[in-house]
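Reader: I am new to this structure and would like a friendly tour. Could we take it one question at a time?

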Amino acid sequence: MIPKPGNPPHEAASYRPILLLPVMSKLFEKLLIKRLKPVIERKTLIPSHQFGFRSKHSTIDQVHRITNIVENALEEKVCSAVFLDVAQAFDKVWHEGLNYKLRTILPKQYAEILESYLAERFFRIKQGDAYSELKEIQAGVPQVSVLGPVLYLLYASDLPVLESSTVATFADNTAILAIGSSNEESTDITNSHKPNTKMGKKWHIQLNQSKSIHINFTNTCFEQIPITINNQKVPYANTTKYLGMTLDAKLRWKAHVKKKRDELDLRYKKCIG
């Protein structure tokens, strides 16, 4: 168990485990994913806005896609964006819901193999020389594996997409952008497109509104119109971090350069210290 920096040491959530999968499990996953990927590509099961864990798709490509949209909007219009935080995305995947979706989109034999693979899985925790009791895994996809990310992408592949807005996802990192001639118009579009409470409850997907960020990309000043999730206001900010890049409301790179400079200074001090 690795402690998370700055978190209270007496809480279980303050520790991050190193996950170890059985060798046979890793071998099975590599063989299965080799046969599964052609089916996924042929049937276009992963949407085009999803750039995570896909060949020839990177974080930089997704950032370029977003910044190009914002740059075009900054000239005359307003781009309202909400960057969503999905709470424990990989850990909370609902097995029953995942199996239902896999049976819908995959050939029967693959769906049955994956359902069997996810069923009756157990884990235990080692801390020092002590081991916990075996516990059954009732949710989530296998992490530190080649199959886990693909299963999550298939589970989240039905995120609604509207012509009036742009969706940008990288695994569970989700951004929704809407362009309008006014702040009211762009915010209304964003509010209407964000995932609703009913959909989240149906698939056991929980959005963390306190960690999500609302930002308006514009060169003008105006009063902010709130965006809500689960009847709670999403915090507004003039800067946000997305896929390692710090974006500000006017799409200037001063905040990003400063942050990277501070990180380099800290590493330099550690090297000479």
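Author: Gladly! One term will help at the start: a residue counts as buried when its relative accessible area is under 20%. Please also keep in mind that this is a predicted model.

Reader: Thanks! How many residues of strand E9 are buried?

Author: Strand E9 spans residues 173-180 and is mostly covered. Out of its eight residues, the number that are buried is six.

Reader: Which residue of E9 stands opposite Phe83?

Author: Let's look at the pairing of strands E3 and E9, which run antiparallel and are joined by seven bridges. Within E9, the residue facing Phe83 is Ala175.

Reader: And which residue in E9 is the bridge partner of Ser165?

Author: Here we turn to strand E8, residues 165-170, which runs antiparallel to E9 with six bridges between them. E8 and E9 form a hairpin with two residues between them, and Ala171 in that turn has a positive phi of about 60°. The partner of Ser165 in E9 is Ala178.

Reader: Let's move to another hairpin. Which residue in the turn between E13 and E14 has a positive phi?

Author: Strand E13 (residues 239-242) and strand E14 (residues 245-248) run antiparallel, joined by four bridges. Thr240, for example, stands opposite Leu247 in E14. Two residues separate the strands of this hairpin, and the one in the turn with a positive phi, about 55°, is Leu243.

Reader: Which residues make up the uncovered face of E13?

Author: The strand has two faces to sort out. Thr240 and Tyr242 belong to the covered one. That leaves, on the uncovered face, Thr239 and Lys241.

Reader: Which residues does Lys241 touch, not counting residues up to four places away in sequence?

Author: Lys241 is found in strand E13. Its C-alpha is 20 Å from that of Ile229, and the two are twelve residues apart in sequence. With residues up to four places away in sequence not counted, Lys241 touches Thr246 and Lys259.

Reader: Is His256 buried or exposed?

Author: His256 lies in helix H8, residues 254-272. Beyond its neighbours within four places in sequence, His256 is in contact with Gly244, Met245 and Thr246. Its relative accessibility is 11%, under the 20% cut-off, so His256 counts as buried.

Reader: Now for the interior. Which element gives the largest share of the largest nonpolar core?

Author: This core has 36 residues, and among those touching the most other members are Leu36, Leu98 and Leu147. Elements giving two or more residues to the core are helices H1 (23-42), H3 (95-105), H4 (108-118) and H5 (147-155), together with strand E3 (78-84). The largest share, seven residues, comes from H5.

Reader: How many residues are in the second, separate core?

Author: In soluble globular proteins, nonpolar side chains tend to be buried together. The second core includes Ile66, Ala73, Cys79 and Ala81. Its residue count is 21.

Reader: Finally, how many charged residues are in the lining of the largest pocket?

Author: The largest pocket has a volume of about 2000 Å³. Of the 47 residues that line this pocket, the closest to its centre are Pro17, Leu19, Asp91, Phe123 and Gln143. Strand E2 (15-16), helix H4 and strand E4 (122-123) each give two or more residues to the lining. By class, the lining has 27 nonpolar residues and eight polar ones, and the number of charged residues is twelve.

Technical notes. Residues numbered from 1 in each chain as written. Predicted model: local features only at pLDDT ≥ 70, side-chain atom pairs only at ≥ 80, totals over all residues. Heavy atoms only, no water. Buried < 20%, exposed > 50% of the residue type's maximum accessible area, 1.4 Å probe, protein only. Contact = heavy atoms within 4.5 Å. Pairing = 2+ DSSP bridges. Core = buried A, V, L, I, M, F, W, Y, C linked by side-chain atoms within 4.5 Å. 1 Å grid on protein atoms, 1.4 Å probe; cavity = no way out; pocket = protein on both sides within 12 Å on 5 of 7 lines; lining within 4 Å. Points joined across faces, edges and corners; volume = space filled by probe spheres on them. Nonpolar A, V, L, I, M, F, W, Y, C, P; charged D, E, K, R; others polar.
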